[in-house]
Amino acid sequence: MEIAECRPQDVEVLERFMPSTSVDGRHAARFARQEAGESSYLVPWIDGTPVGHAEVRWTGGRAPEVRAAHPDCPEINGLLVWPESVRSLGVGTALIHAAEELALRRGIGLMGLGVGEDNARAAALYARLGYMPTLVYLDPRAHVDAEGVLHEYAERCRFLVKKLR
Ligand SMILES: CC(C)(COP(=O)(O)OP(=O)(O)OC[C@H]1O[C@@H](n2cnc3c(N)ncnc32)[C@H](O)[C@@H]1OP(=O)(O)O)[C@@H](O)C(=O)NCCC(=O)NCCS
């Protein structure tokens, strides 16, 4: 398995293997933010196939409440390992470590991420990796369904922070 920043030609491949559903999380939107210097869009590959993604947002948390509480903390967003058959093999951990490594190389000593309050397994993973709970917030979400209808809602999440050094 290798992890690399998304390249222009990867956007279409990602869309084919992991079709975008959320508006803010479209692969093209994430790649555009990387091109603008706002984030790094990390993609793990196994045998030439993408098996997930994580966007490291250098501009801070996507939710305004998170940015206000942790103004200097980048956020790992859109963390996914897919398909389910490749979960629990260490890919998610490797993505988080790659994000932390990038932060340290930029001289940033903090990393954060949000987890849904009902996502106990993911929360257990982040706790094992040293992420400490901070504020509870409402994460604004929007996705377009198969009929093209936009659904907007908010998920109750907890923001977690890790000191990297
Ligand atoms: C959470 C996720 C990114 C972890 O990636 P991963 O490659 O499975 O993680 P690792 O192999 O490094 O670590 C495995 C741990 O991840 C956690 N985990 C969370 N959700 C999981 C899932 N659906 N399947 C497997 N592991 C999961 C568990 O703590 C697991 O440990 P366990 O196998 O002892 O229960 C991945 O499982 C996933 O994409 N889940 C669905 C989407 C999601 O919940 N994203 C996180 C949003 S905050």
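How far is an oxygen atom of the ligand from a polar backbone atom of Val91? The separation is 3.5 Å. The model discussed here is predicted.

## Ligand contacts

Two further backbone contacts accompany the one at Val91. A polar backbone atom of Val81 lies 2.8 Å from an oxygen atom of the ligand. At Leu79, a polar backbone atom is 3.1 Å from a nitrogen atom of the ligand.

On its own, the ligand has 820 Å² of accessible area. The protein covers 75% of that area.

## Pocket and shell

The ligand occupies the largest pocket. Three elements each give two or more residues to the shell around the ligand. They are strand S5 (75-81), helix H4 (91-105) and helix H5 (120-128). H5 supplies the largest share of the shell, with five residues.

In total, 17 residues surround the ligand. Those that come nearest are Gly90, Gly92, Thr93, Asn119 and Arg121. Sorted by class, the shell holds eight nonpolar residues, six polar ones and three charged ones.

## The loop between S5 and H4

Two backbone features fall in this loop. Pro83 is placed between S5 and H4. The peptide bond leading from Trp82 into Pro83 is cis, and its omega is near 5°. Most peptide bonds are trans.

Ser88 is found in the loop between S5 and H4 too. Its phi is positive, about 65°, although Ser88 is not a glycine. Most residues other than glycine have a negative phi. Is Ser88 buried or exposed? Ser88 counts as exposed because its relative accessibility is 68%, over the 50% cut-off.

## Strand S2 and the loop after it

Trp45 belongs to strand S2, which spans residues 39-46. Its relative accessibility is 12%. That value is under the 20% cut-off, so Trp45 counts as buried. Glu2 is 43 residues from Trp45 along the chain. Even so, the C-alpha atoms of Trp45 and Glu2 are separated by 5.4 Å.

Asp47 sits in the loop between S2 and strand S3 (49-50). What is the phi of Asp47 near? The angle is near 50°, a positive value in a residue other than glycine. Asp47 has a relative accessible area of 79%, so it is exposed.

Note on methods: Residues are numbered from 1 along each chain as its sequence is written. This is a predicted model: local features need pLDDT of at least 70, side-chain atom pairs count only at pLDDT 80 or more; totals for chains, interfaces and linings use all residues. Side-chain values use heavy atoms; hydrogens and water are left out. A residue is near a molecule or strand if one of its heavy atoms lies within 4 Å of it. A polar contact is a pair of N or O atoms within 3.5 Å; within protein, one must be able to donate a hydrogen and the other to accept it, and residues adjacent in sequence count only if both atoms are side-chain atoms. Accessible areas come from the Shrake-Rupley method with a 1.4 Å probe; for residues, only the protein chains shown count as cover. On a 1 Å grid over the protein atoms alone, a cavity is a set of points where a 1.4 Å probe fits but cannot get out, and a pocket is an open set with protein on both sides within 12 Å along at least five of seven lines; lining residues have an atom within 4 Å of a point. A molecule sits in a cavity or pocket if more than half of its atoms lie within 2 Å of its grid points. Helices (H or I, at least four residues) and strands (E, at least two) are DSSP runs, numbered from the N terminus. Ala, Val, Leu, Ile, Met, Phe, Trp, Tyr, Cys and Pro count as nonpolar, Asp, Glu, Lys and Arg as charged, and the others, Gly among them, as polar. Buried means under 20% relative accessible area, exposed over 50%, partly exposed in between (1.4 Å probe, protein chains only).
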